[in-house]
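Here are some exercises to work through with the sequence and the 3D view side by side. Try each task yourself before you read the solution beneath it.

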Amino acid sequence: MKRSEINDIMAAADEFIRSFGYVLPPFAYWTPDQMRARRGDIQPLIDGKFGWDITDYGQGRFREMGLFLFTTRNGRQADLKRGGGMCYAEKIMISRHDQLSPMHRHWLKAEDIINRGGATLAIEMFGSAADGSFDAGAGGTVFCDGIRRDFAPGEVLRLAPGESVTLMPGDWHAFWGEGGDVLIGEVSTVNDDDTDNWFRERIGRFAEIEEDEAPRHLLASDYAKFL
């Protein structure tokens with residue numbers, strides 16, 4: 001992805017998010033220079049990779065396969081391992097109309113996926129094989145707003161605004177906005193996008209960036225390079 005495209009996506013996403021009365025935290029709007037000036041104060045933010053995350057999964061087709069995310073808070077892996085402390089994370093995401101987030105599961109993370117507003121959120125579901133791998137013949141069970149729902153292999157759950165589903169590690173899922181763009185909330189256990197995503201296809205989690213202009217704001221994946 002070109003940096004200019006990422007900058008434009010940031011601006012459009014911020015406008016879309018604000019249209020629902022949701023406002024990103026102040027650090028979202030810091031420039032790279034402002035982040036560098038506050039470098040000594042923001043180690044938890046850097047370690048937890050709070051902030052902007054825009055991915056085309058390395059495929060170069062963001063409009064067809066991609067996702068906008070912003071991590072507003074993230075806990076500590078050490079706390080999760082010892083079973084106490086900051087063991088949670090939260091994101092706000094945007095899935096555009098027919099924009100696919102491809103089939104994947106998580107190794108450790110349980111997550112509530114919430115339709116915060118807009119169109120219908122469509123989620124295609126599969127269960128896992130005994131070794132955790134993708135199984136086209138496996139269904140399973142999820143809970144939608146605390147209500148049990150069994151799903152057949154490949155069944156598409158459709159969440160209207162205000163509805164949610166709880167996905168456990170091992171629940172294979174792909175999702176997209178159906179009928180329009182969707183604002184999505186995610187509340188989960190500690191998030192680690194570097195190691196906790198298992199994709200059905202051989203694709204990347206992060207975009208490769210062509211630096212055709214200066215970054216408006218840093219992506220969480222930029223921190224190691226720019227900070």
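**Exercise 1: Three loop residues**

D145 has a relative accessibility of 44%, so it counts as partly exposed. Keep in mind that this is a predicted model.

Task: Find which loop holds D145, and then work out whether Y57 is buried or exposed.

Solution, step by step:
- Start with D145, which sits in the loop that links β6 (140–144) to β7 (147–151).
- Check its backbone next: phi of D145 is near 50°, a positive value in a residue other than glycine.
- Move to Y57, in the loop between β1 and β2. Phi of Y57 is near 55°, again a positive value in a residue other than glycine.
- Now apply the cut-off: buried means under 20% relative accessible area. Y57 has 5%, so Y57 is buried.
- Finish with A160, in the loop between β8 (156–159) and β9 (164–167). Its relative accessibility is 32%, so A160 counts as partly exposed.
- For a link across the chain, look from A160 to R116: their C-alpha atoms are separated by 8.7 Å, although the two residues are 44 apart in sequence.

**Exercise 2: The nonpolar cores**

Task: In the largest nonpolar core, which residues touch the most other members, and which element supplies the largest share?

Solution, step by step:
- The largest nonpolar core has 29 residues, and those touching the most other members are L45, W52, I54, F68 and F70.
- Next, trace where the members come from. At least two residues of this core are supplied by each of α1 (3–18), α3 (43–47), β1 (51–55), β2 (67–74) and β3 (88–95).
- The largest share comes from α1, with six residues.
- Zoom in on F70. Setting aside neighbours within four places in sequence, F70 is in contact with L24, P25, F27, A28, G51, W52, E90, K91 and I92.
- Apart from the largest core lies another core, of 21 residues. Its members include Y57, L69, I113 and L159.

**Exercise 3: The pairing of β3**

Task: How many bridges join β3 to β10, and which residue of β3 stands opposite R73?

Solution, step by step:
- Look at β3 by itself: seven of its eight residues are buried, and the strand is mostly covered.
- On one pairing, β2 and β3 run antiparallel over six bridges. Here R73 stands opposite E90 in β3.
- On the other pairing, β3 and β10 are joined by eight bridges and also run antiparallel. Here I94 stands opposite L183 in β10.

**Exercise 4: Enclosed spaces**

Rolling a probe the size of a water molecule over the atoms shows where empty space is left.

Task: How many cavities of 30 Å³ or more does the structure hold, and what lines the second largest cavity?

Solution, step by step:
- The structure holds two cavities of 30 Å³ or more.
- The largest cavity has a volume of about 170 Å³. Its lining has 19 residues, and L67, L69, H104, H106 and N197 are the closest to the centre.
- Several strands give at least two residues each to that lining: β2, β3, β4 (101–106), β5 (111–126), β10 (172–189) and β11 (197–199). Three residues come from β10, which gives the most.
- Sorted by class, the lining of the largest cavity has eight nonpolar, five polar and six charged residues.
- The second largest cavity has a volume of about 40 Å³. F27, A28, W30, M35, G51, W52, H217, L218 and Y223 line the second largest cavity.
- By class, that second lining has seven nonpolar, two polar and no charged residues.

**Exercise 5: The largest pocket**

Task: Which residues lie nearest the centre of the largest pocket, and how does its lining divide by class?

Solution, step by step:
- Begin with volume: the largest pocket holds about 320 Å³ of space.
- Of its 21 lining residues, D47, G48, K49, N74 and N191 lie nearest the centre.
- The elements giving two or more residues to this lining are α3, β1 and β2.
- By class, the lining of the largest pocket has six nonpolar, eight polar and seven charged residues.

Notes. Residues numbered from 1 in each chain as written. Predicted model: local features only at pLDDT ≥ 70, side-chain atom pairs only at ≥ 80, totals over all residues. Heavy atoms only, no water. Core = buried A, V, L, I, M, F, W, Y, C linked by side-chain atoms within 4.5 Å. Buried < 20%, exposed > 50% of the residue type's maximum accessible area, 1.4 Å probe, protein only. Helix = DSSP H or I, 4+ residues; strand = E, 2+ residues; numbered from the N terminus. Contact = heavy atoms within 4.5 Å. 1 Å grid on protein atoms, 1.4 Å probe; cavity = no way out; pocket = protein on both sides within 12 Å on 5 of 7 lines; lining within 4 Å. Points joined across faces, edges and corners; volume = space filled by probe spheres on them. Nonpolar A, V, L, I, M, F, W, Y, C, P; charged D, E, K, R; others polar. Pairing = 2+ DSSP bridges.
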